[in-house]
Amino acid sequence: MNRRMLVATTALLALVVMLAGFPPGSAAQGKVVKIGLSLPLTGSDADGADAILKGAQMAITEINGKGGVAGYKLEAMVFDSATPAAGQYDPAQAATNYKKFIADSLVMAAVGPVMSGEGKAISPILSEADMATITPSSTNPDITDPKLQAQYRPKGKAVYFRTVTTDAFQGPNMANYLFHAQKVKSVYVLDDGGAFGVGIADSFQKRAGELGVKILGRDRLDPKEADYKTILTKIKGLNPDALYYGGVMQAAAKLAPQSYEVVPRVIKAGSDGVYDLSWPKQSGKEAVDGWFCSQASPELVTSPKLEAWVTKFKKEMKRDPTNYAITSYDAVLVIADAVERTVKANKPITRTNLRDAIQATKLGSIQGPIAFDANGDILTRTVSIYQWRDGEIKYVSVAPEK
Amino acid sequence: MSTLDVLVQQVVNGLALGMMYALLALGFTMVYGIIELINFSHFSVFMTGTFVGLVVLELMGVTAVSKSLTGFALVSTLVVLFLATMTTTGLLGVLIERICLRSLRHVAGTAPMITTIGVAFILINAMLLIWGPQAQRFPQLLPNWRWAVGAAEITFKQVVLFVVGLVLMLALSHLVQRTTLGKAMRATAQDADAARMMGIDVDRVVVLTFFLGSALAGAGSLFFGLYYGFTGYYIGYTTGLRAFTSAVLGGIGSIPGAVLGGIFIGLTQSLGGQLLGVKWTDVIIFSLLIVVMVFRPNGLLGARIPQRA
């Protein structure tokens with residue numbers, strides 16, 4: 001190849017690249033709105049992520065079955081955000097996935113992430129691209145905290161919307177529940193070192209302290225470590241009423257059997273991180289029994305209003321739904337609603353316009369009314385408490401807010 | 001529980017943990033002693049061993065939901081389980097040596113060591129593909145018997161772990177110190193070329209070393225499964241790294257050193273977790289390693305400075 005041809009080829013390539021990346025999402029390209037879904041589909045939290053994925057897919061199939069929304073078909077673009085090296089979600093992989101979404105000019109919004117650790121990594125990326133994501137499950141409050149705006153949304157506008165409430169309520173309300181309903185007077189707090197785990201354990205511990213519950217200690221589990229007997233023996237020596245674990249499944253899978261062996265009589269509680277239908281399979285039914293966990297949403301799966309939905313989900317998706325499958329379904333409805341309103345207002349479908357429309361959402365969804373504050377947090381702030389009994393998750397009550 | 005009882009309990013926990021590290025450290029130390037190779041695939045052989053154990057148990061009809069066994073059924077199941085798993089992991093070690101390492105034996109530098117890292121990843125990903133990324137439950141065939149020592153308690157699992165571990169280590173020590181094969185191994189360790197001139201089949205010695213080291217890793221993996229009740233493709237790394245540290249701490253190449261190092265690390269882990277917090281576990285272990293290395297560069301029992309001609 002001579003020099004002139006090399007220059008010409010390079011110029012041509014540059015032109016192609018520019019054209020491919022510009023303009024982001026002109027409506028002429030086949031009338032499709034792609035929704036990015038980045039979820040930890042492998043690893044310890046795979047079961048929860050699978051339910052969330054299927055909730056979103058069900059909504060997309062239903063909407064397309066009715067001919068789409070305002071002339072647009074919805075299309076899912078699905079990536080796994082877990083890596084074999086991590087054995088669970090990997091924030092770096094989530095960031096890579098979201099960069100791929102942004103590189104695809106048809107991706108207008110996203111549903112996800114599942115984990116707050118991913119959320120912290122992707123929120124600034126979304127802010128740069130002015131693209132909204134709606135998380136059906138990640139609850140760490142830092143990401144949407146206006147005080148941390150410079151870190152998580154440098155461009156200012158909210159891009160991280162939630163169809164669940166945050167750990168500003170989930171952690172403290174579990175503390176309220178343990179104090180009022182279980183008469184817990186002393187507690188030992190553990191976390192798994194992840195963004196979500198540390199955050200929720202902090203907020204739980206703070207509220208428990210305010211209630212006058214004695215905090216006997218705080219330590220951190222390495223999710224890759226096998227031996228938790230050391231810390232559990234230490235806890236046994238302190239003789240607490242309860243043990244609180246802030247974190248997700250990788251450490252929980254080992255914490256449950258070992259705590260069943262070392263401290264069988266202590267009340268044990270976790271968060272939505274251990275609301276995972278595969279837990280008894282991972283750790284053994286008897287080890288999981290008695291554990292409390294929570295959801296940053298109202299109880300939906302057993303709600304009579306959702307009976308038809310649940311039946312349909314079970315039949316079509318061939319698995320049991322979770323509450324976050326429903327909040328994920330709702331996340332897609334929010335995007336579809338935003339597309340519809342944008343088209344009605346005669347605005348082009350762009351990431352910015354869609355973000356603005358999502359911000360203005362007033363939707364009566366299957367979980368109840370959805371509207372967001374200026375930071376992207378849902379206005380409904382219900383936290384529900386559950387307990388594992390005989391290998392199944394049973395709804396207990398709404399967690400007390402005080 | 002009083003503070004003393006808690007400390008006693010942590011010592012018991014630490015000894016059990018240390019025994020597992022020691023079994024794994026032996027494999028590192030033996031291979032290093034013979035061919036001066038740090039064999040990182042050992043981590044993964046250990047991990048693979050837990051899955052081999054799962055399969056062996058399944059073939060015998062024991063699954064994660066089975067009740068624990070007692071009496072003759074327990075003893076016979078354990079004997080079959082240990083023999084089958086140790087033989088399989090031993091053969092896996094031989095296979096790794098034959099396919100991946102023998103042709104690199106005389107390559108200087110880090111190439112053979114890097115190869116072992118590659119093998120480690122192959123095994124990790126193979127197990128990931130076969131078993132998936134979630135933790136697998138390991139059948140709890142040992143009954144939950146406990147004995148009280150004050151307010152602390154010793155479990156039957158810990159006793160089995162300790163007794164079987166000790167028996168295996170004594171057998172190994174007998175083999176190395178008292179048999180012809182052991183003599184050949186020691187000769188090869190001292191000077192492979194001279195050993196060959198004396199008529200020792202060095203290749204055979206190396207193969208046997210890999211077999212023995214990997215078989216001990218297999219025993220270690222069964223301890224892991226029976227003691228913790230789970231396994232996963234990622235367990236080799238943390239446990240393996242600590243076992244490797246044990247071998248270095250005790251003096252790499254020294255068999256009693258590996259055992260001492262393992263128990264030392266096990267106790268450090270449990271007492272450090274008790275006194276400071278488990279989030280500092282690795283900081284404590286590796287700080288101690290650095291301190292020992294500064295004052296005794298050859299480890300606690302490694303008197304011989306490796307001399308290269």
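In helix α4 (116–129) of chain A, the buried residues are A:Ser116, A:Gly117, A:Glu118, A:Gly119, A:Lys120, A:Ala121, A:Ile122, A:Ser123, A:Leu126, A:Ser127 and A:Ala129. A residue is termed buried if 20 or more other C-beta atoms lie within 10 Å of its own, exposed if 12 or fewer, and partly exposed in between, with C-beta atoms placed from the backbone. Helices (H or I, at least four residues) and strands (E, at least two) are DSSP runs, numbered from the N terminus. Because eleven of the 14 residues of α4(A) are buried, this helix is largely enclosed by the rest of the structure.

The model is predicted: local features need pLDDT of at least 70, side-chain atom pairs count only at pLDDT 80 or more, and totals for chains, interfaces and linings use all residues. Residues are numbered from 1 along each chain as its sequence is written, while chains are lettered from A and ligands numbered from 1 in the order in which they are written.

**Helices α4 and α3 of chain A**

The end C-alpha atoms of α4(A) are 20 Å apart, in agreement with the 20 Å that its 14 residues should span at 1.5 Å a residue. The expected span is 1.5 Å times one less than the number of residues in the helix. α4(A) bends by about 35° at A:Ile122, and the proline A:Pro124 follows within four residues. The bend at a residue is the angle between axes fitted to the seven residues ending there and the seven starting there. Just after the helix, A:Asp130 takes a positive phi of about 60°. On the other side, the loop between β5 and α4 of chain A holds A:Pro113, which is joined to A:Gly112 by a cis peptide bond with omega of about -5°.

Helix α3 (residues 91–103) of chain A has 13 residues, which should span 18 Å, and its end C-alpha atoms are indeed 18 Å apart. Its buried residues are A:Pro91, A:Gln93, A:Ala94, A:Asn97, A:Tyr98, A:Phe101 and A:Ile102. The elements covering these buried residues include β1 (32–39), β2 (73–80), β3 (82–83), β4 (88–89), β5 (107–111) and α4 of chain A.

**Domains of chain A**

The domain assignment, which is automatic or from a database, gives domain 1 (31–165 + 303–371) and domain 2 (168–295 + 384–398) of chain A. Their C-alpha centres lie 28 Å apart. The contact between them takes 20 residues from domain 1 of chain A and 18 residues from domain 2 of chain A; two residues are in contact if their C-beta atoms, placed from the backbone, lie within 7 Å. On the domain 1 side, α2 (46–65) and α4 of chain A each supply at least two residues, and α4(A) gives the largest share, three residues. That side divides into two nonpolar, 13 polar and five charged residues. Here Ala, Val, Leu, Ile, Met, Phe, Trp, Tyr, Cys and Pro count as nonpolar, Asp, Glu, Lys and Arg as charged, and the others, Gly among them, as polar.

**Positive phi in loops of chain A**

The table lists two loop residues.

| Residue | Phi | Loop in chain A | C-beta neighbours inside 10 Å |
|---|---|---|---|
| A:Lys318 | about 55° | between α12 (307–317) and α13 (323–344) | 8, exposed |
| A:Asn346 | near 60° | between α13 and α14 (351–359) | 6, exposed |

**Chain B and its contact with chain A**

In the complex, 29 residues of chain B are in contact with 26 residues of chain A. On the chain B side, the elements giving two or more residues are α1 (3–35), α4 (111–131), α8 (202–228), α9 (235–250) and α10 (255–275) of chain B. The largest share of that side, five residues, comes from α1(B). By class, the side has 13 nonpolar, 14 polar and two charged residues.

Helix α7 (residues 192–197) of chain B contains B:Ala195, which counts as buried because it has 20 C-beta neighbours inside 10 Å. Leaving aside neighbours within four places in sequence, B:Ala195 is in contact with B:Ala187, B:Thr188, B:Ile200 and B:Val202.

**Confidence**

The predictor gives the complex an ipTM of 0.87 and a pTM of 0.86. Its confidence in each residue is the pLDDT, from 0 to 100. Chain A has a mean pLDDT of 91, and 93% of its residues reach 70 or more. Over residues 21–29 of chain A, however, the pLDDT is below 50. Where pLDDT is low, the predicted coordinates should not be read in detail. Chain B averages a pLDDT of 89, with 98% of the residues scoring at least 70.

Key. pLDDT = per-residue confidence, 0-100.
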